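Hello,

Here is the structure I promised to pass on to you. Have a look at it first, and then read my notes below.

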Amino acid sequence: MNAENALLIAVSAALRGEKAELSLSNDAWRQLIRTAEEQKLLPLVFDAAGGSMPEELFPSVRTRVRHTVANQLRSEAEFKKLLRELNGLGIRPLLVKGLLCRRTYPKSDLRVSSDEDLYIRSDYPDFHAAMLSLGFEASDPDYENAHEERCTRNGLLVEGHWELFPQENSALNALNSLSDGFWSRAEERDIDGIPVLCLEPTDHMSFLLLHAYKHFVSSGVGIRQICDIAQWAKAYDIGWQRVYELMLSVHVQGFCAGVFDAAEKHFGMAFPEVFPRLDGDDLVRDALLGGIYGSADMNRKHSGSMTLGALEATNGGAAAPLKSAVFPSRAVMEMSFPWVKKSALLLPAAWGVRIVRYLRRGSLSAAESIRIGNERIELLKKYGILRNDREKAES
């Protein structure tokens, strides 16, 4: 048994509320711990399999897990305080992801979040002013070009979205039109005595899938996102026909089929038969290598320029994948260098800054980034995300 298989076994047991006995060498245990940390799954792995962990590793891992869970509890308490404050000010955003997903896990505190997400849409200026009045630190939002703003207070990071998907990339920006019905179908739910607006369960499943797709076409989707989808499907009665029709409209049904196959094999989700069957093993392999959101290493993150460039090209753009790995498009560069939005003449300067940053880190290999990028482009083709001219003509 290798570390990757052990992680899947341990997480699967944790999602069932059970324990897992793992027989691994000390080196394999160390690799499992590293992988679990990269995937933000260490508390789940430790809860399920900590009893079989070597004594020399157990104390330090237990300390890290306790610290992580304590931070999660503090952050959630601060977030609930914010939700009460916003209600008092008459501001009612839609709650998505983190807090809602945690509620579907047997032990919710073990599913950790680095931030909390709120969907505000048209009343964002009021939300922004409210967050400043409540003591949050926030920059001035770029309504025209961005899609979110990050706000912090007492260790809590909140992302306020006026669009659910990035506007900088035309292919991803196109997903924003899919959320038109989300607000009209929103539901009010009670979260520990706090009335909160939430996406209707089928819409939230659609959002979780599209959010996973957004990360997959960049640097990668993590195992935790697959767990969230599996747990949501088990917790709610989902209108799968509506989900399928929405995914089909943006050619994401193949990716979803791979996610569902992985979730069925490893995490106990029943495959929704309205979707085509497609093996998800390669998707799982990619997720294990990439860490959460594909952030395991700089070579992989750098390769995201190639996959995003290829996605632009398949949706009518002119980006060349190999060139885009070294010289990403202005839209891609604006994600990390907002000042490029002021003028296209600033793009060469941003390329230079980007290259210097990578060289200083000493962790970037152009050849490795291109290798990963080419492999991931083939993966996008396998799941029907990158289509040839004939397929586009037939769609």
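How many bridges join β6 to strand β7, and in which sense do the two run? There are 5 bridges between β6 and β7 (residues 194-198), and the strands run antiparallel.

Before I go on, a word about the source. This is a predicted model, in which local features need pLDDT of at least 70 and side-chain atom pairs count only at pLDDT 80 or more, while totals for chains, interfaces and linings use all residues. Residues are numbered from 1 along each chain as its sequence is written, and side-chain values use heavy atoms, with hydrogens and water left out.

**The sheet**

Helices (H or I, at least four residues) and strands (E, at least two) are DSSP runs, numbered from the N terminus. Two strands pair if DSSP finds at least two bridges between them. With that in mind, 7 strands form an open sheet with mixed pairing, in the order β3-β4-β5-β2-β1-β7-β6. β3 (137-138) and β6 (187-191) stand at the edges with a single partner strand each, so one side of each has no neighbour in the sheet.

At the β6 edge, Glu187 has Cys198 in β7 as its bridge partner. The hairpin of β6 and β7 has 2 residues between the strands, and Asp192 takes a positive phi near 55° there. At the β3 edge, 2 bridges join β3 to β4 (residues 148-153), and these strands run antiparallel. The bridge partner of Glu137 in β4 is Thr152.

Strand β5 (residues 156-161) is a good one to look at next. 6 of its 6 residues are buried (under 20% relative accessible area with a 1.4 Å probe, protein chains only; over 50% is exposed, and in between is partly exposed). β5 is therefore largely enclosed by the rest of the structure. In a regular strand the side chains alternate between the two faces of the sheet. In β5, Leu156, Val158 and Gly160 point one way, and Leu157, Glu159 and His161 point the other way.

β5 pairs with β4 in the antiparallel sense over 6 bridges, and Arg153 stands opposite Leu156. The hairpin of β4 and β5 also has a residue with positive phi: Asn154, near 50°. With strand β2 (residues 116-119), β5 runs parallel, joined by 4 bridges. Here Leu118 stands opposite Gly160.

**Helix α1**

Helix α1 (residues 3-15) has 13 residues. From first C-alpha to last it reaches 18 Å, close to the 18 Å expected (1.5 Å times one less than its number of residues). 10 of the 13 residues of α1 are buried, so the helix is largely enclosed by the rest of the structure. Among the buried residues are Leu7, Leu8 and Val11. What covers them, counting a contact as heavy atoms within 4.5 Å, includes α2 (26-38), α3 (42-49) and α9 (223-235).

At the start of α1, a side-chain oxygen of Asn2 comes to within 3.3 Å of the backbone nitrogen of Glu4. Just after the helix, Gly17 takes a positive phi of about 75°.

**Aromatic rings**

The whole structure holds 13 aromatic pairs. Rings of Phe, Tyr and Trp (its six-membered ring) pair if their centres lie within 6.5 Å; planes under 30 degrees apart count as stacked, over 60 as edge-to-face and the rest as tilted. Trp240 and Phe260 form an edge-to-face pair, 5.3 Å centre to centre with 80° between the planes. Trp240 lies in helix α10 (residues 240-249) and Phe260 in helix α11, so this pair ties together parts 20 residues apart in sequence. Phe260 also forms an edge-to-face pair with Phe275, at 5.0 Å and 80°. Phe275 sits in the loop between α11 and α12, 15 residues from Phe260.

Trp240, Tyr244, Phe260, Phe271 and Phe275 form one aromatic cluster. The charged end of Arg277 sits over the ring of Phe271, 3.9 Å from its centre (the cut-offs are CZ of Arg or NZ of Lys within 6 Å of the ring centre and within 35 degrees of the ring normal).

Enjoy exploring it!

How values were computed: A polar contact is a pair of N or O atoms within 3.5 Å; within protein, one must be able to donate a hydrogen and the other to accept it, and residues adjacent in sequence count only if both atoms are side-chain atoms.
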